[in-house]
Amino acid sequence: MGLFKSFFKKAESETSSAQANASFELRNGMKVEVLTPVNTLIFVGRLKVLGSDLLELRAENDGILPRAVYNQPIKLRVFQQDGQALTFDGTVGPNAPNFWRVERLRNLQSCENRNFFRQSTGVNGYVRSTTSVSGQKYPCKILDISGGGARVITQALFSLESTFQLETTLLSEEASFSITCRVKRVAVSSKPGSPQKKFEYGCQFMELPPREQERLLQAIFTLQRRMLQARRDL
């Protein structure tokens, strides 16, 4: 079926976090972000496992891939359905307009494995306190979003570690999202000369069901594809 659980030979001195990463399974059809070594997104696609350190990458819609250079270093971020991610680096081997082979795959033991790629959006939505009896909604703008959190700006005031409900539609053709968020960072944002203050919140998603998180990741990947297509059309 094309999967493997061990990405490198285990040494006796391996840490518990490395052992946890070894349980992450690569399977055919998994979604993958393909990036440069400095984290610039190249494309989003699907992988096929060819060997213990060899993958084949294709675009999700079997479209044309960006041109690759043999031995070009790249970084891969692979997501499981529950949102868990793992980061690898490798080099591009034989490639064609419709596929890339990635060789010398190596698991990166770093904090990158705990973070989601953040996608800029600028879409509108609403926030409402989860403790308010009236449940009044306030308009907001989602500056960026990931599978684990979002950066939101609004006139509504929330305190650190408080929670609010975020409602937004990322794609016009898809159902809207309603996500419970916990405030982890607050900053005041206001235009010069304007008495009106807005507040920017860095939020962590709470109790997001795996199926809904997968739907969110699907929407984020679609936004990424459209962004890359817009760049190519310029």
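## Two barrels, their cysteines and their rings

Let's start with one pair of residues: Val186 has Tyr201 in strand 14 as its bridge partner. Strands here are DSSP runs of E with at least two residues, numbered from the N terminus. This is a predicted model, in which local features need pLDDT of at least 70, side-chain atom pairs count only at pLDDT 80 or more, and totals for chains, interfaces and linings use all residues. Residues are numbered from 1 along each chain as its sequence is written, and side-chain values use heavy atoms, with hydrogens and water left out.

**The barrel with strands 9 to 14**

Strand 13 (residues 177–189) and strand 14 (residues 198–206) run antiparallel and are joined by nine bridges. Two strands count as paired if DSSP finds at least two bridges between them. Both strands belong to a barrel that six strands close in the order 9-10-11-14-13-12, with antiparallel pairing. From one strand to the next, the twist averages 45 degrees; the axes behind such angles are lines fitted to C-alpha atoms, and angles run from 0 to 180 degrees between N-to-C directions.

Strand 9 has two pairings to look at, and the table sets them beside the one that opened this report.

| Strands | Sense | Bridges |
|---|---|---|
| Strand 9 (residues 119–129) and strand 10 (residues 138–145) | antiparallel | seven bridges |
| Strand 9 and strand 12 (residues 163–168) | antiparallel | five bridges |
| Strand 13 (residues 177–189) and strand 14 (residues 198–206) | antiparallel | nine bridges |

Within these pairings, Val123 is matched with Ile142 in strand 10, while Gly125 faces Thr168 in strand 12.

**The barrel with strands 3 to 8**

Another six strands close into a barrel in the order 3-4-5-8-7-6, again with antiparallel pairing. Neighbouring strands of this sheet are turned by 45 degrees against each other on average, direction ignored. Strand 6 and strand 7 (residues 85–96) run antiparallel, with seven bridges joining them.

Lys75 is a good residue to click on here. Lys75 is part of strand 6 (residues 73–79), and its bridge partner in strand 7 is Asp89. Lys75 is buried, at a relative accessible area of 7%; buried means under 20%, exposed over 50% and partly exposed in between, using a 1.4 Å probe and protein chains only. A polar atom of the Lys75 side chain lies 3.5 Å from the backbone oxygen of Pro37.

**Cysteines**

How many disulfides does the count come to? The count is zero, where a disulfide is a pair of cysteine sulfur atoms within 2.5 Å. For Cys140, the nearest cysteine sulfur is that of Cys181, 8.8 Å away. For Cys203, the nearest is also that of Cys181, at 4.9 Å. Cys140 is buried, with a relative accessible area of 7%, and Cys203 is buried too, with 5%.

**Aromatic rings**

The whole structure holds five aromatic pairs. Rings of Phe, Tyr and Trp (its six-membered ring) pair if their centres lie within 6.5 Å; planes under 30 degrees apart are stacked, over 60 edge-to-face, and the rest tilted. Phe43 and Trp100 make an edge-to-face pair, 5.1 Å centre to centre with 85 degrees between the planes. Phe43 lies in strand 4 (residues 41–51) and Trp100 in strand 8 (residues 99–107), so this pair ties together parts 57 residues apart in sequence. Both Phe43 and Trp100 are buried. Tyr201, met at the start, is in a cluster of ring pairs with Phe158, Phe164 and Phe199.

Key
Helix = DSSP H or I, 4+ residues; strand = E, 2+ residues; numbered from the N terminus. Polar contact = N/O pair within 3.5 Å; in protein donor to acceptor, adjacent residues only side chain to side chain.
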